[in-house]
Amino acid sequence: MSSVLPVPYVKIDKHGVILDRSSKAIELLDLQAETIRDCFDEESHNKLMKYMLPFKGEKTFEANLKARNQPFLLCDISISWEGEYAHIVFIPIGKHVQGLEEKLLELRLRLSSTDFELFEKKEALEEAMKRLDELSGPFIPISEKMAFVPLFGDVNESKMITVTGNALKAAYEGQFEEIFFDLSATGEIDEGGVQKLSELFRMLQYMNGKPVKIIGVKPKHARQLNAFDVDWPVYFETSLKDVLIEHLQIGKAPQA
Amino acid sequence: MAISAAEKLARLFLEGNHAEALRFIKQQPDQNRMVLFRDLFTPAMYMIGDLWENNEISVADEHLATGVCDFVLSRLFQVSSDETTRNKKKAMFLCLQGEQHYLGIKMINSIFEEKGWETKYYGASLPLEYALKSALQWKPEVIGLSVSIVYNLPVLKNYVRALAALPNKPDILVGGRLTEKYDLEPYVNNQGIIIRNLQQVEKWLDEYTEERINAYK
């Protein structure tokens, strides 16, 4: 009956002698194998021996088989004992691991061609770039109610991600009624930058309840900001100077 | 219960945590390569082998740990490329064809570099014909072979015989996990030197250097 099982299967006695094997097991194993030990690679013998005393239930472990045409064949071995006899099923898993091995080989080749001095310089450079991004959008509280964020240099996605983190934190900690973003010192704004910029403005609006204000927009920026279909949740003001004059006058008003 | 440093390293390898593994190694009080290899890397990898034998991890886990260990070794012990290579003694290292256990010989290679040798490290599974071709051109004084699988022992014989017969008569060192378990002398046949562990390499290297100095006296 067991010979028609669709998997390699053997039945052994408590001495490990093979009593019965399925036709799949005959195909898989060395013809000369008389005991279960003969079926396993020497390095797997210790592991096998841990399962050779009868126990209850079934157990599964990985081991290398000595197959008919392969010196090692990694298999999942399932074993259960029934009185004096054990039933053992072998499922080759070499194929799954093979993919992994190939990946590892690729990595190893990559590793051997990596110049680690360069690699470390690159890491240092990335760190410096991040620092640069942080400094390119400082969040400056001008008064208790007013904050000012000048954006320096080109605005791209990675810079905006860094700026966004800092700006949200600062806006949360302070109680600003008005936040001004100044584009006077801003270079190019690319699509990713526009996207992240509008996201930041929207988030700040949710937090403050008031839209942010943008100043210092150059004609070039006007085109870039308008090029992508973004509904800007902001007010535009002309320049920092005008804004400050207006605010200083408001500030003076009660005294007058 | 406190875990040993080697066990900690083994865990980091199995987690794939190369950054933490690097940091951990750099924190060790003794930064001597030999000490790190002998007391940390080697026992950590043996522990990983034991975990497999105890059915606690799979071969896939082992592969990951090997990859991470390889990365950490490469990262920590890279030779700087601008070092002058003139008048250096030369050694090449390889695993026999079909051998994938290359970490040991990678460490040996690193020890040689530390001692001022110029080395070529071929890693896993280098067919004999390539090894011969390379050795014929480059003329290393030492060729290190690694064997870890019993099934490959007959092949070892061919490697040793062919490489020892090269015109510049290199010294053949044979190492690997099998050297501790079996007597490899019949396969090496007096044409090579069997190296059982890292300490023996160091000892051999010191004696080799001494002999050279004496020869020039």
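Trainee: How many helices and strands does chain A have?

Mentor: You'll find 8 helices and 12 strands in chain A. Keep in mind that this is a predicted model.

Trainee: How do you know how confident the predictor was about chain A?

Mentor: Look at pLDDT, which runs from 0 to 100. Chain A averages 86, and 96% of its residues score at least 70. Among the elements of chain A, strand β1 (residues 9–12) has the highest mean, 95, while helix α8 (residues 240–252) has the lowest, 74. Where pLDDT is low, don't read the predicted coordinates in detail.

Trainee: What makes β1(A) and β5(A) count as paired strands?

Mentor: The bar is at least two bridges. Strand β1(A) and strand β5 (residues 85–92) of chain A share 4 bridges, so they count as a pair, in the antiparallel sense. For one example, A:Ile12 has A:Ala86 in β5(A) as its bridge partner.

Trainee: Which strands are the edges of that sheet in chain A?

Mentor: The open sheet has 5 strands, in the order β2-β1-β5-β4-β3 of chain A, with antiparallel pairing. Its edge strands are β2 (18–21) and β3 of chain A, and each of them pairs on one side only. From one strand to the next, the twist averages 25 degrees.

Trainee: What does each chain put into the contact between A and B?

Mentor: There are 17 residues from chain A and 17 residues from chain B. On the side of chain A, α3(A) gives the largest share, 7 residues. By class, that side of chain A has 9 nonpolar, 1 polar and 7 charged residues.

Trainee: Over to chain B. Why are α4(B) and α5(B) called roughly parallel?

Mentor: Compare the angle with the cut-off: anything under 35 degrees counts as roughly parallel. Helix α4 (residues 59–76) and helix α5 (residues 103–114) of chain B pack at about 5 degrees, with their axes 11 Å apart. That angle is why α4(B) is roughly parallel to α5(B). Where they meet, B:Thr66, B:Cys69, B:Asp70 and B:Leu73 of α4(B) face B:Leu103, B:Lys106, B:Met107 and B:Ser110 of α5(B). That contact has 4 nonpolar, 2 polar and 2 charged residues.

Trainee: Why is B:Ile108 called buried?

Mentor: A residue needs 20 or more C-beta neighbours within 10 Å to be buried. B:Ile108, which lies in α5 of chain B, has 25 of them, so it counts as buried. Leaving aside neighbours within four places in sequence, B:Ile108 is in contact with B:Phe93, B:Gly144, B:Gly175 and B:Val201. Take B:Val201: it is 93 residues away from B:Ile108 along the chain, yet their C-alpha atoms are separated by 7.6 Å.

Trainee: How do you know that β1(B) and β3(B) pair?

Mentor: Same test as before, at least two bridges. Strand β1 (residues 90–95) and strand β3 (residues 142–146) of chain B have 5 bridges, so they qualify, and the sense is parallel. B:Met92, for instance, has B:Ile143 in β3(B) as its bridge partner.

Trainee: What angle does α6(B) make with β1(B), and what would you call it?

Mentor: Helix α6 (residues 128–138) of chain B packs on the sheet, touching β1, β2 and β3 of chain B, and its direction makes about 175 degrees with that of β1(B). Angles over 145 count as roughly antiparallel, so α6(B) is roughly antiparallel to β1(B). Helix α7 (residues 153–164) of chain B also packs on the sheet, touching β3 and β4 (171–175) of chain B, at about 160 degrees to β4(B). That is over 145 too, so α7(B) is roughly antiparallel to β4(B).

Conventions
Residues are numbered from 1 along each chain as its sequence is written. Chains are lettered from A and ligands numbered from 1 in the order in which they are written. This is a predicted model: local features need pLDDT of at least 70, side-chain atom pairs count only at pLDDT 80 or more; totals for chains, interfaces and linings use all residues. Helices (H or I, at least four residues) and strands (E, at least two) are DSSP runs, numbered from the N terminus. Two residues are in contact if their C-beta atoms, placed from the backbone, lie within 7 Å. Ala, Val, Leu, Ile, Met, Phe, Trp, Tyr, Cys and Pro count as nonpolar, Asp, Glu, Lys and Arg as charged, and the others, Gly among them, as polar. Axes are lines fitted to C-alpha atoms, for helices over the stretch in contact, and angles run from 0 to 180 degrees between N-to-C directions. Angles under 35 degrees count as roughly parallel, over 145 as roughly antiparallel, 65 to 115 as roughly perpendicular and the rest as oblique. A residue is buried if 20 or more other C-beta atoms lie within 10 Å of its own, exposed if 12 or fewer, and partly exposed in between; C-beta atoms are placed from the backbone.
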